[in-house]
Amino acid sequence: MTKTKTKKNKQQQQWAGWGPGERPEQHYLVAPRHLAGGGDLRHVTEYLRASGWKDRSKTGGPLVFDSPDRSIRVGYDPFVQPGGWTISAKPAPGQDAWYATFGPRLPVEIVAGFTDALTQPRTAHAPNVWEPLHTRGWTTTNHAPHGRASSPDGSAFLQFHQSGPGQAMWWARAATEYGTAWHATFTPTTPMHLIAAFNTALTHPDPVMRPRGHVPPSRHIRTRSVSVLPSQLSAWQQTRLTAARATTWARNTTRRRPGTTPPRPRQTTAGSYARR
């Protein structure tokens, strides 16, 4: 048997184990993640849905999700300029109203760092929001009451500016040689644990995956080609959603009266969620 036939047979055997008609798709691992482009919105929205948030989106309109207690709303609107994400919260005991905005090209993995934290219990103590930046080698300059941190390659920064009592703003931005890639803003009343969660996701060293044709052009970006099966992508997403359902179920269990039996978290097959 020739080497060509041997290679072909091995390839056919490998494909046979992938399921009927399934073929690998070319994707790219992109670093740094803050320049990877927007990505699949389901990474954010399906986690919120799995965490018990209510989808109030209208067909053909912006995406809108409300928290179970209706105190926080997450929206994504691609139909206005500049568009993107808006997260807003009503005033609550011990917490003023706040909102945050993210540009449409902010990677969903970074958006999820913020929105995932909305579904989790708040920490008792305010974290050091600069710590994730220090840990990942970002250059920081703090001149009270102002502060700024820049990524190692200089393509992104986070800044805090306070012009007076109650007049403060957090904002972040990333740019390439072609201009601004995205921006993010936070009102001064935004809870510190949410900004810390955003910073942790922003500076995470792991690359993120994008399909062929969805990698922004820039000399700042490093890519590595990988072949991925559609079933693998679905399984990875399903693992994330299963964890969200389990966490939500466990939290709801502790809130029920003793002696009651809550329903088990709903299980779905991998890849069954709707594209949004």
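**Exercise 1.** In this predicted model, decide whether Phe114 is buried or exposed.

*Solution.* The relative accessible area of Phe114 is 0%. Buried means under 20%, so Phe114 is buried.

**Exercise 2.** Classify the aromatic pair formed by Phe186 and Phe198, and state which parts of the chain the pair ties together.

*Solution.* Step 1: the ring centres are 5.1 Å apart, with 75° between the planes. Planes over 60 degrees apart count as edge-to-face, so this pair is edge-to-face.
Step 2: Phe186 belongs to strand E11 (residues 179-186) and Phe198 to helix H5 (residues 192-203). The pair therefore ties together parts that are 12 residues apart in sequence.
Step 3: Phe186 and Phe198 are both buried.

**Exercise 3.** How many aromatic pairs does a search of the whole structure find, and which elements does the pair of Trp98 and Phe114 tie together?

*Solution.* Step 1: the search finds 9 aromatic pairs.
Step 2: in one of them, Trp98 and Phe114 meet edge-to-face, at 5.9 Å centre to centre and 75° between the planes.
Step 3: Trp98 lies in strand E6 (residues 98-102) and Phe114 in helix H3 (residues 108-118), so parts 16 residues apart in sequence are tied together.
Step 4: Trp98 is buried, its relative accessible area being 5%.

**Exercise 4.** Which residues do ring pairs link into a cluster with Trp98?

*Solution.* The cluster links Trp98 with Phe102, Phe114, Phe186 and Phe198.

**Exercise 5.** How many residues of helix H2 are buried, and what follows the helix?

*Solution.* Step 1: H2 covers residues 42-50, and 7 of its 9 residues are buried. Among them are Arg42, Glu46 and Leu48.
Step 2: after H2 comes Gly52, which has a positive phi near 95°.

How values were computed: Residues numbered from 1 in each chain as written. Predicted model: local features only at pLDDT ≥ 70, side-chain atom pairs only at ≥ 80, totals over all residues. Heavy atoms only, no water. Buried < 20%, exposed > 50% of the residue type's maximum accessible area, 1.4 Å probe, protein only. Helix = DSSP H or I, 4+ residues; strand = E, 2+ residues; numbered from the N terminus. Phe/Tyr/Trp six-rings, centres within 6.5 Å; stacked < 30°, edge-to-face > 60°.
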